[in-house]
Amino acid sequence: MRALSLSASLSVCASLFLMGCGGESTPAPAPDATPEAAPEAPPAPEAAPEVPEVDWATLDDAGKKKHLMALGKVIYETGGKGGLACVTCHQADGKGTPGAFPPLVGQKEHMGDCAKHAGIVLNGLTGEIVVDGVKYNGVMVPMKDLLDDLSIAAVMTFERNSWGNDYGDCMPETVAEVRKLAE
Ligand code: HEC
């Protein structure tokens, strides 16, 4: 790996040298520079999954759902811009970790109603709950300061329609109403 990146940077240097390193003002690399002194090239930034920007107000119902699902998947897996990745605790299959992080699969009681579901994601959850007969007494981090209404509606819609769940969509307007109640 090191040998590869060294030879890559050497050949870049060599071609820059031939071209005068891109300009009169740039000093050419000293020909006797030892390879050991060459700085390691920084790793290429990992491509963050991108969801195309949309004009929400102009989307029809099918377009909204499609956008919520695509954005929700990114939020679930990465936390999006500033949130916490739900996958860390609730796992990629939504089954959580028994005794520590509750499953999101088959949880109509918590997630069937948009407002109730939004309340959990916005305001977090603490204290003992029983899910599928297993007790949980953990801390679900409030997301209200980390994610906007659209992102929260998106991750909720993703959870509600993944892993066999079929609980319908939730819209950002509902999240906004629940957010206001808690203020
Ligand atoms: C740091 C770990 C952690 C992260 C990250 C996390 N959760 Fe949770 N979540 C929990 C815990 C713990 C509970 C149960 C809290 C309790 O015991 O009262 C919970 C409960 C829930 C519940 C209600 C219980 C159920 O099983 O239906 C929902 C819904 C939920 N989380 C959704 C999310 C969403 C959406 C995200 C990402 C935006 C997320 N969680 C991120 C730890 C986490």
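This briefing covers the fold, the ligand shell and one helix, H5, in detail. The model is predicted. The chain holds seven helices and four strands. A ligand is surrounded by 30 residues. Helix H5 (114-123) is among the elements that give two or more residues to that shell.

**Overall fold**

- Along the sequence, the order of elements is α-α-α-α-α-β-β-β-β-α-α.
- The chain has 183 residues, and 22% of them are buried.
- Take the contacts between residues at least 6 apart in sequence: 57% of these join residues at least 24 apart.

**Around the ligand**

- Of the 30 residues around the ligand, the closest are Cys86, Cys89, Pro102, Gly138 and Met140.
- Four helices each give two or more residues to the shell: H3 (87-90), H4 (108-111), H5 (114-123) and H6 (149-160).
- Strands S1 (125-126), S2 (129-131) and S4 (139-140) also give two or more residues each.
- By residue class, the shell has 19 nonpolar residues, 10 polar ones and one charged one.

**Helix H5: two sides**

- The buried residues in H5 are Cys114, His117, Ala118, Val121 and Leu122.
- Viewed down the axis of H5, these buried residues fall within an arc of 130°, so they line one face of the helix.
- Ala115 and Lys116 are exposed, and they sit on the face of H5 turned away from its buried side.
- The buried residues of H5 pack against three helices: H4, H6 and H7 (172-181).
- Gly124 follows just after H5 and has a positive phi of about 75°.

**Where H5 meets H7**

- The axes of H5 and H7 come within 9 Å of each other. They cross at roughly 60°.
- The crossing of H5 past H7 is right-handed.
- On the H5 side, the contact uses Cys114, Ala115, Ala118, Gly119 and Leu122.
- On the H7 side, their partners are Thr174, Val175, Val178 and Arg179.
- The residues of this contact between H5 and H7 divide into six nonpolar, two polar and one charged.
- Cys114, Ala118 and Leu122 are buried residues of H5, and they also take part in the contact with H7.
- Ala115 is exposed, yet Ala115 is also among the H5 residues that meet H7.

Key. Residues are numbered from 1 along each chain as its sequence is written. This is a predicted model: local features need pLDDT of at least 70, side-chain atom pairs count only at pLDDT 80 or more; totals for chains, interfaces and linings use all residues. A residue is buried if 20 or more other C-beta atoms lie within 10 Å of its own, exposed if 12 or fewer, and partly exposed in between; C-beta atoms are placed from the backbone. Two residues are in contact if their C-beta atoms, placed from the backbone, lie within 7 Å. A residue is near a molecule or strand if its C-beta atom, placed from the backbone, lies within 6 Å of it. Ala, Val, Leu, Ile, Met, Phe, Trp, Tyr, Cys and Pro count as nonpolar, Asp, Glu, Lys and Arg as charged, and the others, Gly among them, as polar. The arc is that of the directions from the helix axis to the C-beta atoms. Axes are lines fitted to C-alpha atoms, for helices over the stretch in contact, and angles run from 0 to 180 degrees between N-to-C directions. A crossing is left-handed if the near helix is turned anticlockwise from the far one by less than a right angle, and right-handed if clockwise.
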